[in-house]
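Got your viewer ready? Load the model, pick a cartoon view with side chains you can switch on, and follow along stop by stop.

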Amino acid sequence: MKALLICVGSRGDAEPFVALAARLLEDSNNSVELFIQPELKNLVPDIQNLTIHELPFTQFDFYKYTTNARKGADHENERVRFVGVVAEVIAALVLPCWEMVFNVAKDCDIMVSSSLSRYLCFALSSK
């Protein structure tokens, strides 16, 4: 089985994906394609049949949306404002990666994504 794991987020998002990759690779018939942010690559062990793909943004790129969010910025409910920030991060950073990820995904049997890359997986699965 060839698995595609797409992790976007913080260290707390990445660690379960790294553990899942390691567990999947205990079976030598499996291979894993892992998309992860560059600052989190140090969490990934060197394991045979694991290919690491760097996403073209870092966690620090998220912060510019927290201070300059447009969507929901005027809403009185802070949760709605936070959802606006998340929507902007997904639209500006994650979704533009779909072609890069698609080139790898087309040969995979299964996709697993973190919540911030969920819509990217939806876009990939429709192709």
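Start with the rings: a search of the whole structure turns up three aromatic pairs. Here, rings of Phe, Tyr and Trp (its six-membered ring) pair if their centres lie within 6.5 Å; planes under 30 degrees apart count as stacked, over 60 as edge-to-face and the rest as tilted. One of the pairs is tryptophan 98 with phenylalanine 102, where the ring centres are 6.0 Å apart and the planes meet at 55°, so this pair is tilted.

A word on what you are looking at: this is a predicted model, in which local features need pLDDT of at least 70 and side-chain atom pairs count only at pLDDT 80 or more, while totals for chains, interfaces and linings use all residues. Residues are numbered from 1 along each chain as its sequence is written, and side-chain values use heavy atoms, with hydrogens and water left out.

Stay with that pair for a moment. Tryptophan 98 and phenylalanine 102 are four residues apart in helix 4 (residues 98–105), which separates them by about one helical turn. (Helices are DSSP runs of H or I with at least four residues, strands are runs of E with at least two, and both are numbered from the N terminus.) Tryptophan 98 is partly exposed at 34% relative accessible area, and phenylalanine 102 is partly exposed too, at 23%. For these labels, buried means under 20% relative accessible area, exposed over 50%, and partly exposed in between (1.4 Å probe, protein chains only).

Now select tyrosine 119 and phenylalanine 122. With ring centres 5.5 Å apart and planes at 80°, this pair is edge-to-face. The two are three residues apart in helix 5, so about one helical turn separates them. Tyrosine 119 is partly exposed at 43%, and phenylalanine 122 is partly exposed at 41%. Add arginine 118 to the selection: it lies over the face of tyrosine 119, at 5.6 Å from the ring centre. (A charge sits over a ring if NZ of Lys or CZ of Arg is within 6 Å of the ring centre and within 35 degrees of the ring normal.)

Step back to serine 117, in the loop between strand 4 and helix 5 (118–125). Is serine 117 buried or exposed? Its relative accessibility is 0%, so it counts as buried. Leaving aside neighbours within four places in sequence, serine 117 is in contact with Ile6, Val8 and Val94, where contact means heavy atoms within 4.5 Å. Try a distance label from serine 117 to valine 94: they are 23 residues apart in sequence, yet 6.4 Å apart in space, C-alpha to C-alpha.

Next up is helix 1. Pick out Ala14, Phe17, Val18, Ala21 and Leu24, which are buried. They cover an arc of only 125° around the axis, which puts them on the same side of helix 1; the arc is that of the directions from the helix axis to the C-beta atoms. What do the buried residues of helix 1 pack against? Show strand 1 (2–6), strand 2 (31–36), strand 3 (50–54) and strand 4 (110–113) to see their partners. Then look at the face turned away from the buried side, which carries the exposed residues Gly12 and Arg23.

Time for charges. How many salt bridges does a search of the whole structure find? It finds four, a salt bridge being a side-chain nitrogen of Lys or Arg within 4 Å of a carboxyl oxygen of Asp or Glu. One of them joins glutamate 15 to arginine 11, with the closest N and O atoms 2.6 Å apart. These two are four residues apart in helix 1, so about one helical turn lies between them.

Another salt bridge links the side chains of glutamate 26 and arginine 23 (2.7 Å, N to O). Glutamate 26 is exposed, at 60% relative accessible area, and arginine 23 is exposed at 53%.

Then select lysine 41 and glutamate 54, whose side chains meet in a salt bridge (2.8 Å, N to O). Lysine 41 lies in the loop between strand 2 and strand 3 and glutamate 54 in strand 3, so the pair ties together parts that are 13 residues apart in sequence.

Last stop in that same loop between strand 2 and strand 3: asparagine 49. Its phi is near 75°, a positive value in a residue other than glycine. At 35% relative accessibility, asparagine 49 counts as partly exposed.
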